[in-house]
Amino acid sequence: MTNSSTKPPVWFWIVSVLALIWNGLGVMAYLARAYATDEMIAALPEEQQTEFLVEYPTWYTAAFAIAVFAGALGCIALLIRKKIAYGLFILSGLSAIIQHVYLFMNVDMPSMVMPVLVIVVCLFLIWFSKNAIEKHWIS
């Protein structure tokens, strides 16, 4: 059985690399939050310090970790042209939505721009990977 695939256009690679950078920043944000020491928090501006004082439930932290790591793995899967990217982006998107619904309902945030942007990017990557499968760019 032959597995035929079509060569993706250049913009596929550009979008995939940009998505990997975006998700890499998410991984860094998670790791910074998970492993911040008291000294590191004290060195931050006062408004950022208050973010670290909020106690989040364990499931929220798990959703955050799943969202960013599944997203990053999904981007790597895109770059190696594997359709598992679609499933990883669905997992990432669902986790991000769960995480952000909690934020919307329980945390007074100064701006909603970033949480909404995160969800929009997750939904875009789900669509993008599904479209790549349909066009046989990934298999």
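**Helices, a patch and a salt bridge**

Biologist: How far does helix α1 (residues 10–34) reach from its first C-alpha to its last?

Modeller: In this predicted model, helix α1 has 25 residues. Helices here are DSSP runs of H or I with at least four residues, and strands are E runs of at least two, numbered from the N terminus. The expected span is 1.5 Å times one less than the number of residues, and for α1 that expectation is 36 Å. The helix comes close to it, reaching 36 Å.

Biologist: Good to know! What may I rely on here, and which helices are included in the cover over the buried residues of α1?

Modeller: Because the model is predicted, local features need pLDDT of at least 70 and side-chain atom pairs count only at pLDDT 80 or more, while totals for chains, interfaces and linings use all residues. Residues are numbered from 1 along each chain as its sequence is written, and side-chain values use heavy atoms, without hydrogens or water. Buried (under 20% relative accessible area; exposed is over 50%, partly exposed in between; 1.4 Å probe, protein chains only) describes F12, S16, A19, N23, G26, V27 and Y30 of α1. Their cover, counted by contact (heavy atoms within 4.5 Å), includes α4 (58–79) and α6 (113–134).

Biologist: Is S95 buried or exposed?

Modeller: S95 sits in helix α5 (residues 84–106) and touches A63, I66 and A67, leaving aside residues up to four places away in sequence. A polar atom of its side chain lies 2.9 Å from the backbone oxygen of L91. With a relative accessible area of 7%, S95 is therefore buried.

Biologist: Which helix gives the most to the nonpolar patch?

Modeller: Such a patch joins nonpolar side chains (Val, Leu, Ile, Met, Phe, Trp, Tyr) within 5 Å, or like charges within 9 Å, from residues with over 30% relative accessible area and no salt bridge. This one includes V120, which lies in α6 and is partly exposed because its relative accessible area is 47%. Both α5 and α6 supply at least two residues. With four residues, the most comes from α5.

Biologist: Which residue forms a salt bridge with K130?

Modeller: A salt bridge is a side-chain nitrogen of Lys or Arg within 4 Å of a carboxyl oxygen of Asp or Glu, and the structure holds one. K130 is partly exposed, at 38% relative accessibility. Its partner is four residues apart from it in helix α6, so about one helical turn separates them. With the closest N and O atoms 3.8 Å apart, that partner is E134.

How values were computed:
Polar contact = N/O pair within 3.5 Å; in protein donor to acceptor, adjacent residues only side chain to side chain.
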